Structures are given as C-alpha cells and as structure tokens.
Amino acid sequence: MGSMFRGEEVALAQLFLPTAAAYTCVSQLGELGLVEFRDLNASVSTFQRRFVVDVRRCEDLEKTFTFLQEEVRRAGLTLPPPEGRLPAPPPRDLLRIQEETDRLAQELRDVRGNQQALRVQLHQLQLHAAVLGQSHGSPLGAAHTVGPLSERSPLLPPTGGPHQDLRVNFVAGAVEPHKAAALERLLWRACRGFLIASFKETERQLEDPLTGEPVMWMTFLISYWGEQIGQKIRKITDCFHCHVFPFLEQEEARQGALQQLQQQSQELQEVLRETERFLSQVLGRVQRLLPPWQVQVRKMKAVYLALNQCSMSTTHKCLIAEAWCAVRDLPTLQQVLQDSSSEAGVSAVAHRIPCQDMPPTLIRTNCFTASFQGIVDAYGVGRYQEVNPAPYTIVTFPFLFAVMFGDVGHGLLMLLFALAMVLAEDQPAVRAARNEIWQTFFGGRYLLLLMGLFSVYTGFIYNECFSRATTIFPSGWSVAAMANRSGWSDAFLAQHPLLTLDPNVSGVFRGPYPFGIDPVWSLATNHLSFLNSFKMKMSVILGVTHMAFGVVLGVFNHVHFGQRHRLLLETLPELTFLLALFGYLVFLIVYKWLFVSAAGAATAPSILIHFINMFLFSRSPNNQPLYSGQEVVQYALVVLALAAVPVLLLGTPLYLLRQHRSYHPQKRPIGGQDEDKTGLLDSPDASENGLGSDEEKGGCAEDEKEAKKLVPSEVLMHQAIHTIEFCLGCISNTASYLRLWALSLAHAQLSEVLWAMVMRVGLGMGRKVGVPAVVLVPVFAAFAVMTVAILLVMEGLSAFLHALRLHWVEFQNKFYSGSGYKLSPFTFTVEEE
C-alpha cells in the first residue's frame, strides 16, 4: 500500500561522519529533513557532552538577540522576515557574528544611556525654568519693597531685638501633583507654621524622561526663617523625591537665569536630536542584520544539539550517529552525505542496521490530507505500518457529520466559507494571522469544505433548505386524484381541516420521488413520525456498515504483520457475531422496505418485536413473520453468534500456547543462533531491502516475542477483555450510532423553530404594517445572526464532536491500536518559522 494507506517503511541507519565534515553533513540533513537522530549519549550529562561549549555560545548570542529585538520593539519598529533560505553558517562565522552582535549591542546600550541622560538633564532644565517662571509672589519680600503703604504695613519701623538680623530664605522646586497635598500638610505640621508655602501647577505638561508620556508637575516656593527650619524642609522634600532648584531673590537675576536655562535647553534639544538620529541609524542596522542572524544561530544551535547525540569513535576521527530514515530516502541520504563530506577528503558513510525496537511511523501528508490525519493522530499515532484510517476518514467523517447536519442552506454557507479560505490560502496576510480561532479554521479548511459539500448532499436527501422543502421534481402524490375518487365536497372540506392521502387509492401515489424525500411530507402532520422511522433505520444501517468495515480493515493488519491465525481466530468470529445479529437487523430493515407494500402497511410486522423474540427464542402471535422460515433462520443466527464467542475467547491463547511449545528452550541451541547470524550476515535483503527483520517490516515480531515470553494467564486475561469489549461493544456501539438520528432531528427542529419564531413572524408583521422591506431588514438580520451562531457554530460543533466520537470509539477501535509514535525528522523548518 502507499504511504497514505499505511505508514512508509522506516529503517535504522548508522552514519559515520568524519570529524571535519560532521557539522556540514548534519546541517545539510537539517535542510532536507530526512532523518530522526537517536541519542547515543543518553547516559551522559548534558554538561559533559562534546559540543556543550558551542551550544552555550549560541545561547549567549540568543540572549543578545533578545536584547536587540526588545530595543527594536521599544522604538516602535518591526523586524522584517529574512529573505530567502539561509543555510547554517560554518563554525568560523560564529565568532564574526558574535563580535558584530556585541559591538551593536554595546553601541545601542551607549546610545540609549546617553539619550536617557540627556532626557533627564533636559527635564531638569525644563523643571527649573518652570519653577523660575512661575509667579508665586513673595509676601515677605513685599514687606521690604519700597512703595506706598498698605493697610497691613506697620506704622512704626521695627525696633531692634535679638532676631533683627534674621533674613528670609527660600526653597523652590517641583513635585508630582499627587504628592503635593501630603507635602504641604507635612511641612506645616513639622515646621509648626513657621513657613509660607505656595503651590502652583505648571503651565504646560512636561515629557517624562523614563516613559516619554506628558506629565503635569506642581511647583512650590517655600519661605522660612532659621537654619533648623531649613534643614527640616530639605529633609522632607528629599523624602518626597522633590526636584529642588536654587531660587534668586532679585527679579532681574531670576530673569537672567531663566534666559540662560532656555538657551541651555535649546542646545540640549539639538544634541538630543542628533543622538536620536544616530540611534535610528543603529536600529536600522539591527533591523537589517538581526533577522538573518537569528535564523543562522538557531540552525547552528540545532546542528550542535544533534551532534551532541552522536558518539565518538575509538580513533576519535569520526562521529557515529544512528538515525531513523524512510527506506525510499536512503539513496538520497547517502548522496547528501557524500556531497557534504567531499571537501574533507574522507566520505561519510550510511548503512542500514537491524534493530529490535519498533520504528517510528511516517505518513506523508499535504494541505488536503493534513487535517484528516490530525483527527486520527489525536486518538493516537498508529503503530509502525499499521493500517491508517485517514484515507477512509476523508469520506466517512464528512458524511457522518452531514447526516447530523443535513441542510442545503446551512451546508452551502459552510461550503462558501471554506471555499473562501481555500482560494485565499496562498495570500501571506491570511497565513500570517495569529488569531488562534482563525488558525484552527484555516488549518481545517479542506475538512470544512467536504463537510459543507456533504451537508448540501444530505440536505437534498432530506429536502431541507433552512427547514423549508423545495420542489425540484414533481411530487409523487396527487391530491386531485384523491379528491376525485373520494368525492370531497366544499362541506366536507369545511368540516375536515386535515385530509388523508391513501396510497392504496388508484392514482394517489404515482411513484417515489426521484431524489430524496417528497416535498409533500413537509405539509403532513405525521412528518416527524415519518422522519423518525426513516432516520432511525438509516442510522442503524450506517452504523453496522461502518463497524463491519472497521473489522474488515483489521484483515490487512493481520496479513501484513504475518499473523494469519488471527484471521480465523479473531476476525472471522468477530464478523460472525456482528453480522449474525446486527447484520441480520439491517437485512430485516431492507427486506421490509422492499417487500412490504402500502396495501399491507396496516398489518406489517414490527422489526423490533422480531429482533427481541430472536434473542428470547420466542414468538408473538400478533406479529406475523416477514418471510417463511424466519424463526429457524433467527435461531440459527443466534446460535452461530454465541458459538463464535468461545472461539474468539480461547482461539488465540490456545494457538499461542501451542506455538510456545514449538519454541521449547531445548530446541533453540540446535540452530537458533546460527540462523540469526546467517540472517544478518548472508541475507542481502536484511541490509538492502529491509525484508529480513520482522521488526522493521511489521513493527515487531509479536508471535515470536509472545512465544518466547508467554504468560498464559496474561494472554488469557487480555483476550477475555478483548472478547467482552467487542461483544458488548457491538451492542453499545450500534446504539451509539443512533446519535445520527437524534442530532439530525434536533438540527431540523431547531431550524424549524428559528424559521417559525423569526422569519414567519417577520413576514406576517410586514403584511400588517404595510412596509415589508423596512420590517424585514432587522428581522432578516436577527435570523442571519442566530442561524450562524446557533445552527452553524453551536450545532456544527456538536455534530463535529459526535462524528469524532463515532470514528474514535466505534470505528477505529475495531482495527487501530494507536500505540506508535511519529517520526520527527531533524529539520530546520521550525527554526526558519
């Protein structure tokens, strides 16, 4: 089978890399993403490995890159994506990158420091100018000015005394507005009122040197007497982190100082502009050099981490690595190693080696199959070369979703949404979107496309478009024929608001509708009863078919892994049990559809009663058989299903016990080790085609391992659990598929309620008001919003989760173990992103 239907064949390759060319070889493998390295130094500490110093240098560079990147973002700039594919640089370039990075970082630190110092100095000059420019007034100074006397001026000159030589001192500065009230209150209490303080806001906002935001400041002027009071004031202002500036008493001196401050501010602003211009040049160089450096250093670090997983040869001339690689990529691997090591003089070598470990699973996907493979891998990664359910999920998952979501209108909206994403998938803006919800929808765009397409298909089958039936073909029922044959009169029609169409009357039922359900059923009062019967039986048929298909897929696993005894001892009893009981139920449903006509519908037997009597080995006199000999067939099928249970329970354990006896320890030395050596040394398939190892071909040689280490109680217990789980699961899983019926009816009824409660009311209001267009605009808007929010998003998510459960629990557990692990190749794709 191909890679999509079954994982590719993977081999364990041993690589011999010359020391001089090891870095180049690994970097080329990282560009191609062919191999997954195994850690051969698992017992060695991370700090004791060969290339730990180089890894640390790369990590130090990444820290410097983080600093540069933050500086670029701080300046409001963005880093452009690197142009083209950048290879991992040679090791000698690491020193050059480190030197240039350190020089750029040091320049940036110096320029940033100078800019910050200049901003602080400019801010101090602006605050000082604002303090000197504020007209606080000086009440004490006014007492000494020469001029006309006021009412408060003393009539007599002050007399001499002990304090006549005291002079008034001033403290001026600025404080943040939210601290001004507390500062003033504390000054008054601490100095006991022996001061005069004046507070005023600055006339304009000043730029904060740290944040760059405009901030208002409060200037203050404090007049006081005495040195002790002055010391208290200075201590308090220091505690409040106030900016204190010298204050000159003479007005002329203050004006001169103010002009000098303004001149210094202009000179400082010019220097600051030159500094910012130089800073922008440095940041421009960082923008140009940093993106390629980041990619290159990340690649270099990845190469050294991969080299740390290699072991050194005894001669210290080459590195030995082990890696998982797809068999079809082995020639490419050998060619890449030869090309990369050609300059070293000694060619690197890769050859396949046997391994007892289960290889990883490799399934190549594209943009279409990736979402479906993701559904399968969410349950569990398949065992090596196990049958992959993803190709079948491409069809069954959207179909089962559509069975629960069937509506032409809703499916068409989902289809158009997915189609828009598919058509715009190559646009960079669409791929670069970082919204998590959008990324989820975009990643599953092809899944949504098929879900919408299948929903349109099942919507045509249900004949529902926003809960309304459409008449694409002429109806198969004729009301005119019924009226003519029954002689309906006007009085009869007035007395009977509900009329019955009898298919037994000639000409009333002219044949089935060409495709889907006849639209006349949307007018019938028993419409829900009819759909209940139809969708319930359809769910059972789909469920049994889906489960039987899962059991059949297990055949391919048994054949591929060489476990042919499981075909007779497991697959055959499972199919017998499933089809003898529930396959027969499907047969009864189809038989009744085909052979019970409308004339015998009143006396048609009940399938449910027949199915119950089948297990009870009884009969109901009021329930007639569907065909002759039905009871004998049903009893035989029940006995056959019960007989398959012991075979399923005991067949495999007894076979393994018999195989265990054939691997008796006394017989192993005769040819066991010789055969193993012959298989490894002489068989060309073991080293070339990979057919000599069961582990590489089929995951692991289960029969041989179980025969060597057979514990009868564990094998019997495991098989008993499997038998009980399968037999009870057939019953519960069949009932679980009835969710298709339940959610389909729920979706149809929600759509009907939304139409009746919104659109129908709006259309009626339009006729009453007389301006239908004005009324229908808000009504249709509400209908559209609720349709998208409730029926598309909520109902769609519900149907998606139920379809997911049907595939994980009811389908995949019939053949899929999901106990493997993915092949994670060493690649630079993630580093570049």
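Gly7, Thr361, Ile363, Gly382, Arg383, Glu386, Val387, Asn388, Pro389 and Tyr816 come together in this predicted model to form the lining of the second largest cavity. The space enclosed there amounts to about 40 Å³. Sorted by class, the lining of this second largest cavity holds four nonpolar, four polar and two charged residues; Arg383 and Glu386 are the charged pair, while Ile363, Val387, Pro389 and Tyr816 make up the nonpolar group.

That cavity has one companion, since a search of the whole structure returns two cavities of 30 Å³ or more. The largest cavity has a volume of about 100 Å³. Around the largest cavity sit His610, Asn613, Ser618, Arg619, Ser620, Asn623, Pro625, Gln630, Glu631 and Gln634. Two helices, α19 (607–616) and α20 (630–662), each supply two or more of these lining residues. The top contributor is α20, with three residues, and Gln630, Glu631 and Gln634 are the lining residues that fall within its span. The lining of the largest cavity comprises one nonpolar, seven polar and two charged residues. Pro625 is the nonpolar member, and Arg619 and Glu631 are the charged ones.

Helix α18 offers a further point to look for in the structure above. This helix covers residues 565–595 and has a kink of about 40°, centred on leucine 579. Of the 31 residues of α18, 22 are buried, so the helix is largely enclosed by the rest of the structure. Buried here means under 20% relative accessible area.

How values were computed:
Residues are numbered from 1 along each chain as its sequence is written. This is a predicted model: local features need pLDDT of at least 70, side-chain atom pairs count only at pLDDT 80 or more; totals for chains, interfaces and linings use all residues. Side-chain values use heavy atoms; hydrogens and water are left out. On a 1 Å grid over the protein atoms alone, a cavity is a set of points where a 1.4 Å probe fits but cannot get out, and a pocket is an open set with protein on both sides within 12 Å along at least five of seven lines; lining residues have an atom within 4 Å of a point. Grid points are joined across faces, edges and corners, and a volume is the space filled by probe spheres set on the points. Helices (H or I, at least four residues) and strands (E, at least two) are DSSP runs, numbered from the N terminus. The bend at a residue is the angle between axes fitted to the seven residues ending there and the seven starting there. Buried means under 20% relative accessible area, exposed over 50%, partly exposed in between (1.4 Å probe, protein chains only).
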